[in-house]
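Please follow a short walk through the charged side-chain pairs of one protein model, with the chain open before you. The paragraphs below take up a few of these pairs in turn.

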Amino acid sequence: VLISETGGYLAIQSALSQDPKVAACFASYAPIDLRIPFFTTAYERDMEGFPMYPADLVDNHIASLKGGEVVSTATPPVRLDLAFSSIQQGKYVELLGTDPSLFPMERLDTVKEIPRLFILHGKDDTAVPYQSSEAFVEKLKIVHPEVKVFYTVVPGEKHGIDARATLETPWLKEGLDFITPTWLGTESS
């Protein structure tokens with residue numbers, strides 16, 4: 001079972017990998033379709049209230065790196081400027097790499113098995129637009145119509161919508177009711 005709040009991309013990637021076997025996946029506000037202009041094109045945009053960062057911020061950071069240094073964690077807001085700048089400047093995919101296994105949309109064409117999915121997004125998310133999830137769900141229904149998916153876009157909600165939710169919040173309750181039987185092994189079909 002995979003549950004992801006801030007790691008929606010990793011949850012989807014793990015679900016597509018099926019190693020180890022995944023029964024169900026809950027991905028919140030995940031950047032799944034990385035080829036949309038939001039991730040590939042430089043343009044001015046508001047991202048959850050953060051400013052537009054300079055075009056050379058990421059390049060200057062990369063130039064300042066010394067060989068052999070590894071940073072495995074950084075507690076936000078440390079490095080958020082780099083993350084947002086890479087998206088604002090259209091460098092996100094360039095920095096991610098070109099290996100096809102990095103792109104969930106493309107992986108849909110080659111994976112054989114996909115678990116039950118609950119995909120959640122806020123309609124007003126300015127950090128990861130809901131269209132990223134929407135494109136994935138649309139393609140999933142065409143390429144893997146057998147996969148059971150509960151996809152919800154919540155009007156008026158932004159990135160991190162589940163932070164204030166409770167188990168009684170309707171859109172969360174419905175999605176959890178959809179995947180919980182799979183987690184518990186009590187699914188009827």
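In this predicted model, Lys91 forms a salt bridge with Asp59, and the closest N and O atoms of the two side chains lie 2.6 Å apart. The pair links distant parts of the chain, for Lys91 sits in the loop between helix H4 (80-88) and helix H5 (92-96), while Asp59 belongs to helix H3 (residues 57-64), 32 residues apart. The two partners can also be described by their accessibility: Lys91 is buried, with a relative accessible area of 14%, because a value under 20% is counted as buried, whereas Asp59, with a relative accessible area of 42%, is partly exposed.

This pair belongs to a set, since the structure holds six salt bridges. Another of them joins Arg164 to Glu157, with 2.8 Å between the closest N and O atoms. Here Arg164 counts as exposed, at 62% relative accessibility, because the cut-off for exposed is over 50%, while Glu157 counts as buried, at 18% relative accessibility.

A further salt bridge is found within a helix, where Asp177 is paired with Lys173 and the closest N and O atoms are 3.2 Å apart. Both residues lie in helix H8 (residues 170-184), and because they are four residues apart there, about one helical turn separates Asp177 from Lys173. As for their surroundings, Asp177 is partly exposed, with a relative accessible area of 47%, and Lys173 also counts as partly exposed, at 33% relative accessibility.

Definitions and conventions
Residues numbered from 1 in each chain as written. Predicted model: local features only at pLDDT ≥ 70, side-chain atom pairs only at ≥ 80, totals over all residues. Heavy atoms only, no water. Salt bridge = Lys/Arg side-chain N within 4 Å of Asp/Glu carboxyl O. Helix = DSSP H or I, 4+ residues; strand = E, 2+ residues; numbered from the N terminus. Buried < 20%, exposed > 50% of the residue type's maximum accessible area, 1.4 Å probe, protein only.
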